[in-house]
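Here are my notes on the internal cavities and on one annotated region. Please read them with the model open.

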Amino acid sequence: MSTIDWRTKGFFNPGPPITDEDFIAAGHTLFDGSFTYPVMFARQPALDANVATMAAFCARRGLEIAPHIKTHMSPTLVRAQLDAGAWAVTVATANQALAAHAMGAPRILVANQVMDPVALRWAAEHDVMITIDSVTGAEIAGAASAGTLPVLVELGHDNGRTGARTVRELVRTAEAVQARPGLRLAGVTGYEGGLSGAEAVAAFLDRLREAAHAVAPLIDGDIVVSAGGSAWFDVVADRLQGQWIPGRTIVGLLRSGAYVTHDDGIYRERDPFGRLAGEGALTAALGVWALVLSTPEPGLALVGMGKREVPYDEGLPEPQRVRGADGAEREITGARVTKVNDHHAYVATGGAHLVPGELVLFGISHPCTAFDKWRAIPVVDHDGRVSGVLRPHL
């Protein structure tokens, strides 16, 4: 049972521990004295809508989704995604796979190379699907596996992350996987997120289809073909949907993860639904309220929010609203964050008037590095009341 006490960042409870359930039942808001600032929160309506929008997108195209839960590592959000029809969940590390298993995920895909024999043995015992991009990787996994470990062989691209650089190399890897008694070849995978532009992404996915054709004779049963970050899943869907290997069943599998919360930065700018007229939209679900601490010179406000509270690797937070001491809120225009220290944000106020003691609402960019800074995140409903607490892990 999770509790809220002096260790719970953002919440303010100097008294005895309170269970999450009791805290939620009390009907708190973010402004009733139960929180201290900065505090990151999530909007329940946006979470629900985003999960439903992506599920509907995949259903229309006959695709499955294995959301990359590294974004949030939250049991609550995992359950919501599974309840919406997710075929599996995707993780990046063995620790995340262990956590996903504990969260009740029926299928788990590790979209990364696993080289730890201890983790590989556990994965084989629990039918966790892993990724392999080399003959050496197949040898390591085969030697560690005491069961039958499902494997996707990975195609990469020049200057990218992991993955065989050519289809020929990928086929050699697939043959090595098939030759190991502890491994079972399940399909092919790739990651297009490091490429710039739809044309480059489409060309890479065409090579992934070529790879699937090449290894299909080595695979018994359905062929999993997996790709899809959060910036180009529309192009991925166009290339992977349908049954395009005669006589074989293709399981087209998207691994997008950031959609569940979306953001007010890089994913708002790159949102595929912006290119898909009439197919829905994603909404930013995360926000941060932080206090203006000082206005030491004209045009500058120091806000109590920094690298320990907000992501800064793919864009800085965006000032959106101000809440005055009287509780009245107003829009903010012209202000921007120019840099962050550990616990301070430098806000160039532009034409905005900010006063020490006021609260500023910020949108964030890149949710994957937002969740890892908070162990408890209040969720608010339509009325602004706390309706849940997300508990990210790892």
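1. Start with the lining of the largest cavity. In this predicted model, the residues around that space are M54, S230, F233, S256, A258, Y259, H262, Y267, D271, P272 and L282. Its volume is about 60 Å³.

2. Next, the character of that lining. By class, 7 residues are nonpolar, 3 are polar and 1 is charged. The charged residue is D271. The polar ones are S230, S256 and H262.

3. How many cavities of 30 Å³ or more does the structure hold? The count is 4. The second largest has a volume of about 40 Å³.

4. Which residues line the second largest cavity? They are A94, A97, V110, V114, A119, L120, W122, A123, V128 and I130. Two elements, α4 (94-102) and α5 (117-125), each give two or more residues to this lining. The top contributor is α5, with 4 residues.

5. The class make-up of the second lining is simple to state. It has 10 nonpolar residues, with no polar and no charged ones. For the largest cavity, by contrast, the lining includes 3 polar and 1 charged residues.

6. Last, the annotated region. An unreviewed UniProt entry carries the annotation "domain: D-serine dehydratase-like" over residues 285-381. Across residues 285-381 the chain is 44% strand and 0% helix. The end C-alpha atoms of this stretch are 11 Å apart. Please keep the unreviewed status of the entry in view when citing the domain name.

Technical notes: Residues are numbered from 1 along each chain as its sequence is written. This is a predicted model: local features need pLDDT of at least 70, side-chain atom pairs count only at pLDDT 80 or more; totals for chains, interfaces and linings use all residues. Side-chain values use heavy atoms; hydrogens and water are left out. On a 1 Å grid over the protein atoms alone, a cavity is a set of points where a 1.4 Å probe fits but cannot get out, and a pocket is an open set with protein on both sides within 12 Å along at least five of seven lines; lining residues have an atom within 4 Å of a point. Grid points are joined across faces, edges and corners, and a volume is the space filled by probe spheres set on the points. UniProt positions are given in the numbering used here, feature names are shortened, and annotations may be inferred rather than shown by experiment.
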